Amino acid sequence: MDTDALARCADEPIAVPGAVQPHGALLAVTEPGLDVVVASANAADVLGAEVTGRTLADLLAPAELDRLRAALAGDLAEAEPLRVSPGGRELDLLLSRSGGLLVTEWEPVAGAGQAGAAWHRRLPTVLQRLSAPTSLEGLTGVLAREVRALTGFDRVMVYRFDAEWNGEVVAEDRREHLEPFLGLHYPASDIPAQARALYATNWLRLIPDATYTPVPLEPPLVPGTGRPLDLSGAVLRSVSPVHLEYLANMGVTASMSVSLVDRGRLWGLVACHSYSGPHRPSSADRTAAEFLGRTASLLLHTTVEAADRDHAVAVTRREAELAAAVGRTPRTPAAALVDGTLTVLDLLPAAGAAVRLDGRLHLLGTTPPADRVAAVVAAVLRAGGATDRLTRALPGFADLTEEASGVLAVEVGRGRGDFLAWFRPETPREVSWGGDPHTSKVTDGRLSPRRSFARWTETVRGTARPWREHEVAAARALAGHLGEAVLARAAEDDRLSAALQRTLLLEELPKVPGVALGARYRPSEADVVGGDWYDLVPLPGGELAVVLGDVAGHGLSAASVTAQLRHALRAALLRDEGPAAALSALNQLIGALLPGEMATAVVAQFDPATGAVVLANAGHLPAVHAAGGVGRLVTDGRGPALGLLDAVTYPQAELRLAAGDRLLLYSDGLVERRGRPLPEGLEAVREAVAAVAGEPQEVVDGVVAALDPAGGDDVTVVGLARV
Amino acid sequence: MQFAVDRTAVHGRPALRVRGELDVATVARLAECVEAELSAAPRGLVVDLTDTAFMDSSGARQLARTAKRAAETGTALQVVCPRSNSPVRLVIDLLELDRLVPVVETAALTDGEVGS
C-alpha cells in the first residue's frame, strides 16, 4: 500500500544512510592529520590504491597535497573541485566537513557528460535570458531549457511548491517524444519534510544511475563518536530506496535536482530525468546548473512580485472602471455591472459571478443554481467573506463542489440582502494530463506520477485557487462604491416616499354633519414607508365613504401605487354607485394599469341620516362593529383582494349604526404579530373596541394602546360613530 | 426557523418547499426560485407552504404574481397549504387567493398526470 511506502520514506534516515552511490568513493579524514577514518567500500577501486590506515598525504602527489591544504585554509563552500590522479586515473576531488571530519569525495572524470567550454562561454547570454522575463512562466521556462541544454537530461521540469508543499510542474523542457508532465500536481508526501529540509541547504542532488547498488561505509560508525557519518553535505550520499522505487516506476534511469530557494524558503525544484540508462553530468556542469538555480532563485521574488503587481494594478483599474459605470447610471447599478462590455465577472479571475441588488439576482458565467446562490453567499459572508474550500469549510453545500469550491462574497449596503459574489471551480478540474493516459510510457507502480496525481487530486478535492489579497480588496472596494450609490438612492427614495405618504394622509378630518370620526396613522419603525392609506370621501347625497386600504410592499414603489389607488378609488366612489361597484372599478384599474400589484381595501359608506352602512371588503381584515358593549367582526360583504382577478363583482354587507355604536376599520399592522395567530389578533381587536367607551378618536387611541402593535409595519385605524 | 426554499418534486412535478417566514425580507428569494422554475415552462409546479410559518402581504402578492406567470408559461400551478397551517391559510382565505390558483391540503395529481 502506498501509505506504507510513504511512511517508511518519511522515517528513512536520509542524512545518515551509511552508504554512498557507486559512481565515486568517499573518505572521511581527520584534520590536520588527514588520516583516513571512514572509507566507502569501493575506495580502493576508485582511487586505485589501498586506503585503510593511510593518510591523504600517502595518496596524493606533493603538488596535489599542496593544493588540498590551500583549499582547506579557505572557505570549502567556495572551493573548486581539485583535479587529482592518485592511481593514475583522473578524479575530481570534492570537499566538505561533517562531524569534525573532512569528507573527501572522489569522482572519476572519465564517463561524465561534459557540456564543454562552448556552453560556459554562452553563460552571459544565458544569464541575460534568465533575467529578461517579467513573468514567472517566462523565468521558469528559460531555466528548464537552459538546465537541459547544459546537462543533457531527457526531461527537465520546474516544480513549484504551494503553501501545503504540494508540487506543480510549472515549466518543462523535454525530448520531443516524451509525454508532457507540464501542469501535473504532486502531493506533499512525494517529497517528505526531511528531504525538503535537506534541499533548502543542499542545492543539488545527483543520482547518475537509479539502479545502483549502495556502497557501505566502513566502519559504519565513526570511531570515537559511535555515530554514523552525517552525509547531508556529501554529493555521493546514497538516497532512500523508496525514492529509487519511485524513479523506477516513472521509468527514470538517472536524475538530478536543483533547489529553488526564495528568501530562505524552499520555493521549488528543477527536476531532471533521464530515461535511457545512466547519465552523469560532470562536476563542472553540475556547478553551472546549481549556479543557474541560484540565479533564478534570486530572480524569483522580483519576478513574482512584478507579475503580482501587474495583476493587482489591472484588477484595480477594472474596479475603477466598473465603479465609474455605476456612477454614470446610479438608478440601475446592476445593469452597469452585468450588461456592459466590462462586467463584474471580468473584475478578477473567476468562472462565475452573482450580483444581487434591490433583491434582484443576476448571474454571470458558471455559478451555483439561482435558488442556492443566496444561501451560499450568506454562509460565506458569515464565515468571513472568502473561502477556497466551500464544501470542506461549511456544511450543506456538498453538491456545489464543481462550480463553487471557491467563493468570494461582499455585502452591498447593510442588511438589505444585496451582495456581489464570485465563484471558482474545484482545482482538479483545471488540470489535465498532457498526453493520453492509455498510451503512457510511465509504469503504474506503487509510487508513480499517476498515483501521485490521483493522491494529489484527493488532497485538493473541494478546493479552489485561493483568493488573493488584492482581489478581495478590489471586491470590497467595488461593493463600497455600490453601497454608496445604493444608499444615496435609497435616501432619496425614502425622502420621496415620505413626502408622498404625507400627501395621502389627511391634514384634518372632514366635518360631516351627523358623523363623529377618529383616525390614527403610525408609520413603521423600520424606517420604510408602508402601503397603508385611509380616506374619508363626503358624497354629494350627504353620505360619507370611509376607506381603509393597504398596498402590498414597501418603499417608494408601494407609496406611488398607494397614491394612485387612493385617487382612483375616490373617483370611483364619487360616481355614487356604492362601495362594491367602486372596488370592482378599482380592481379593474389595477389589472389594466398596475399589473402585478396587489392591495386590500374596505369601504364603508355611511348615511348619517339613517345610520345605514353599506360595506364592501376586498381581501381586507374584517371591520369591527361595536354595539351595546359587544364587538362583532363584519365578515360578510367580502371578495378577493384587488389585483388578483381580472373582473370581480363584490358583494355588499348592510348594517345599521345605532347611537352609541362604533365602526372600526384598521390595517394589518394593528393585529399582525409574529408568533401570534391572526384569529387571536382579531379577537383582541374585537374585545378592545367593545371595551373602550367614548368618542371615536378615544376608541381608536384606546384600541392602539390595547393592541400595542409591533413596530415593523405601519398601523392605520379609523373609527366612526353616529351623532 | 431560517428561511429557505427547497426544490423537491411531487408526482414528478417540480416543487418549491417554502420554510420559515415569507415576508418582505425573504420574498425575493422565492421570486428567484419561481422564475428559475418557470423559465423552463414546466407542465406543473407546486409551491408548498406547509412549513411556512408566516406570510405577509408581500408574500401573498408573490403568490399572485407566480400564478399569473404560470398562466403565461402554461404551467399548472398548485399551492399546498393545509388548514392546519392556520397563520398562512388564513391570509390566503382573507385575500381569496384560491380564486386565482388552486390551494390544496396536499399535493395532488393534476389532470392527465400519472403518479410516479
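This passage walks through the contact between chain A and chain B, then two sheets of chain A, and ends with a residue of chain B. Everything described here comes from a predicted model.

Let's start where the two chains meet. Chain A brings 30 residues to the contact, and chain B brings 25 residues. How much area is buried between chain A and chain B? The figure is about 2,500 Å², with carbon and sulfur atoms giving 59% of it. On the chain A side, the residues that lose the most area to chain B are Asp371(A), Leu644(A) and Arg674(A), and together they make up 24% of what that side buries. As background, the size of an interface is often expressed as the accessible area lost when the parts come together.

Charged and polar pairs show up across this interface too. The rule picks out three salt bridges between chain A and chain B. Glu597(A) forms a salt bridge with Arg65(B), and the closest N and O atoms of that pair sit 3.7 Å apart. For polar contacts, the count between the two chains comes to seven residue pairs, with both residues at pLDDT 80 or more. Which elements of chain A give two or more residues to the side that touches chain B? They are strand S15 (360–365), helix H12 (370–382), strand S26 (638–639) and helix H19 (678–691) of chain A. H12(A) gives the most, with three residues. Sorted by type, the residues on this side of chain A come out as 14 nonpolar, nine polar and seven charged.

Now for the sheets of chain A. As a reminder, strands of a sheet pair through backbone hydrogen bonds, in either a parallel or an antiparallel way. One open sheet of chain A has five strands in the order S15-S14-S18-S17-S16, and the pairing is antiparallel. Its edge strands are S15 and strand S16 (386–387) of chain A, each of which pairs on one side only. S16(A) is joined to strand S17 (residues 406–412) of chain A by two bridges, and this pair runs antiparallel. Within it, Ala386(A) stands opposite Leu408(A) in S17(A). H12(A), already met at the interface, lies across strand S14 (352–357), S15, S16, S17 and strand S18 (418–424) of chain A, and runs at about 80 degrees to S17(A).

Another open sheet in chain A is also built from five strands, this time in the order S19-S29-S28-S24-S25, with antiparallel pairing. Strand S19 (515–522) and strand S25 (630–634) of chain A are at the edges with a single partner strand each, so one side of each has no neighbour in the sheet. On average, neighbouring strands here are turned by 20 degrees against each other, direction ignored. Five bridges link strand S24 (residues 623–627) of chain A with S25(A), and the two run antiparallel. Ala626(A) is the residue that stands opposite Gly631(A) in S25(A).

Which strands does H19(A) lie across? They are S24, S25 and strand S28 (662–666) of chain A, and the helix runs at about 135 degrees to S25(A). Helix H20 (residues 696–707) of chain A packs on the sheet as well, where it touches S19, S28 and strand S29 (715–722) of chain A; its direction makes about 30 degrees with that of S19(A).

Finally, over to chain B. Thr73(B) belongs to helix H2 (residues 57–73) of chain B. The side chains of Thr73(B) and Thr75(B) are joined by a polar contact of 2.8 Å. Setting aside its neighbours within four places in sequence, Thr73(B) is in contact with Leu38(B) and Ala41(B).

Definitions and conventions
Residues are numbered from 1 along each chain as its sequence is written. Chains are lettered from A and ligands numbered from 1 in the order in which they are written. This is a predicted model: local features need pLDDT of at least 70, side-chain atom pairs count only at pLDDT 80 or more; totals for chains, interfaces and linings use all residues. Side-chain values use heavy atoms; hydrogens and water are left out. Contact means heavy atoms within 4.5 Å. Buried area is the accessible area (1.4 Å probe) that two parts lose on being put together, summed over both. A salt bridge is a side-chain nitrogen of Lys or Arg within 4 Å of a carboxyl oxygen of Asp or Glu. A polar contact is a pair of N or O atoms within 3.5 Å; within protein, one must be able to donate a hydrogen and the other to accept it, and residues adjacent in sequence count only if both atoms are side-chain atoms. Helices (H or I, at least four residues) and strands (E, at least two) are DSSP runs, numbered from the N terminus. Ala, Val, Leu, Ile, Met, Phe, Trp, Tyr, Cys and Pro count as nonpolar, Asp, Glu, Lys and Arg as charged, and the others, Gly among them, as polar. Two strands pair if DSSP finds at least two bridges between them. Axes are lines fitted to C-alpha atoms, for helices over the stretch in contact, and angles run from 0 to 180 degrees between N-to-C directions.
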